[in-house]
Structures are given as C-alpha cells and as structure tokens.
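Let's take a walk through this one together, starting at the ligand and then moving out to some charged pairs. Have the model open and follow along.

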Amino acid sequence: MTSVYVLNGPNLNLLGTRRPEVYGNTTLADVEDLCRQEAGNLGLELEFLQSNHEGQLIDWVHEAGARVATGECLGAVFNPGAYTHTSIALHDAIEGAALPVVEVHISNVHAREEFRHRSYVSPVARGVVVGFGVYGYVLALQGLHHALTVS
Ligand code: DQA
C-alpha cells in the first residue's frame, strides 16, 4: 500500500493546551486519528510523526523523498511550526529530496504577527493550506492525493 507522511514540527506536541484560542482544544493524538481516518478513505498508509528538532525533520523529509522515488510513498503533509519562518535547511531538504509537500498551518499565519508571514517552505511546496484549524490536515491530505493521483 502506498504511504503518506504527516510531519509535525516544534511545539505541535503541545496541541490542546498551547494557546487554545489560536490552535483550539484538539490534541495531536486527535489530529493523528483524523489523518488516519482520511488516509484510510484515500487508500493510503499513514506515517504520522512529530519532532521538536530540525535535523530529525530533515531526516524524515529525506526518508520520505527516497520512498517517493521508489513509488512506495505519495508525499507529505507538513506543518513545520515555527521552522516555517526560519529554516532554509528545511527548504533545501524538501527541494533536494524532491518530496511533494503540502504545507499546512492550523492558524491563519497571514492574519498574525509579521514574522509569521514569511515561509521558507512555501516556495518548494506543492500547495499550502492555512487557517482551517486542524481540519486543514484533512484538506491537505485530499489536496496531495488529488494533485498526485488524479490527472
Ligand atoms: C503554526 C503556525 C506557526 O507560525 C507557529 O510557529 C506554529 C504553528 C500553525 O499550525 O498555525 O507552531 O504552524
């Protein structure tokens, strides 16, 4: 079965207790359940991962890219958290691994502080979903699947 990665960056393990007025009350375990259900609907096997460490995220991007190259994986839905706004290394990893990525943000980053308006990931993303809360993960999975399997 083809897999899809859902990667989560720093502080997303705190979902449910961290700034609920911005990110809601849903936990990361709830998001995993949502993604598992949608991946199942789409006939995909889910790899759901979270790390607070940039290097770990880069390693997973490389791993997913290698699996895309062998046809085992479709691509990744990626919420890079604050690394979105700082990490040229993540930009280079996605580009270098040729990993199809849909970038997702729970909050509407463009309606927040100016430092959140810049994304180093968007230029190498296949698509971007922002501001739909955790339902954005479902939209991102559907978008990735549609973009890569429907001609
Ligand atoms: C976020 C937005 C980022 O600016 C922030 O640093 C996060 C979460 C979101 O999902 O809305 O950690 O990626």
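What follows looks at the ligand and its surroundings, then at the salt bridges.

Keep in mind as you look around that this is a predicted model. So where does the ligand sit? You'll find it in the largest pocket. Once you're there, pick out the residues around the ligand: Arg18 and Tyr23 come early in the chain, then there's a group made up of Asn79, Gly81, Ala82 and His85, and the rest of the list is His105, Ile106, Ser107, Val109 and Arg116. Sorted by class, that shell holds 4 nonpolar, 5 polar and 2 charged residues. The charged ones are Arg18 and Arg116, while Tyr23, Ala82, Ile106 and Val109 make up the nonpolar part.

Now zoom in on the polar side chains that reach the ligand. Asn79 puts a polar side-chain atom 2.8 Å from a ligand oxygen. His85 does something similar, with a polar side-chain atom 2.7 Å from an oxygen of the ligand. Then there's His105, where an N or O atom of the side chain lies 2.8 Å from a ligand oxygen. How much of the ligand does the protein bury? On its own the ligand would expose 320 Å², and 99% of that is buried by the protein.

Let's leave the pocket and turn to the salt bridges. Across the whole structure, a search turns up 6 of them. One to look at pairs Glu21 with Arg19, whose closest N and O atoms are 3.2 Å apart. Are these two partners buried or exposed? Glu21 counts as exposed because its relative accessible area is 61%, over the 50% cut-off. Arg19 has a relative accessible area of 40%, so this residue is partly exposed. Another salt bridge joins the side chains of Glu47 and Arg67, with an N to O distance of 3.6 Å.

How values were computed
Residues numbered from 1 in each chain as written. Predicted model: local features only at pLDDT ≥ 70, side-chain atom pairs only at ≥ 80, totals over all residues. Heavy atoms only, no water. Near = heavy atom within 4 Å. Polar contact = N/O pair within 3.5 Å; in protein donor to acceptor, adjacent residues only side chain to side chain. Areas by Shrake-Rupley, 256 points an atom, 1.4 Å probe, with all protein chains shown as cover. 1 Å grid on protein atoms, 1.4 Å probe; cavity = no way out; pocket = protein on both sides within 12 Å on 5 of 7 lines; lining within 4 Å. Sits in = over half its atoms within 2 Å of the grid points. Salt bridge = Lys/Arg side-chain N within 4 Å of Asp/Glu carboxyl O. Buried < 20%, exposed > 50% of the residue type's maximum accessible area, 1.4 Å probe, protein only.
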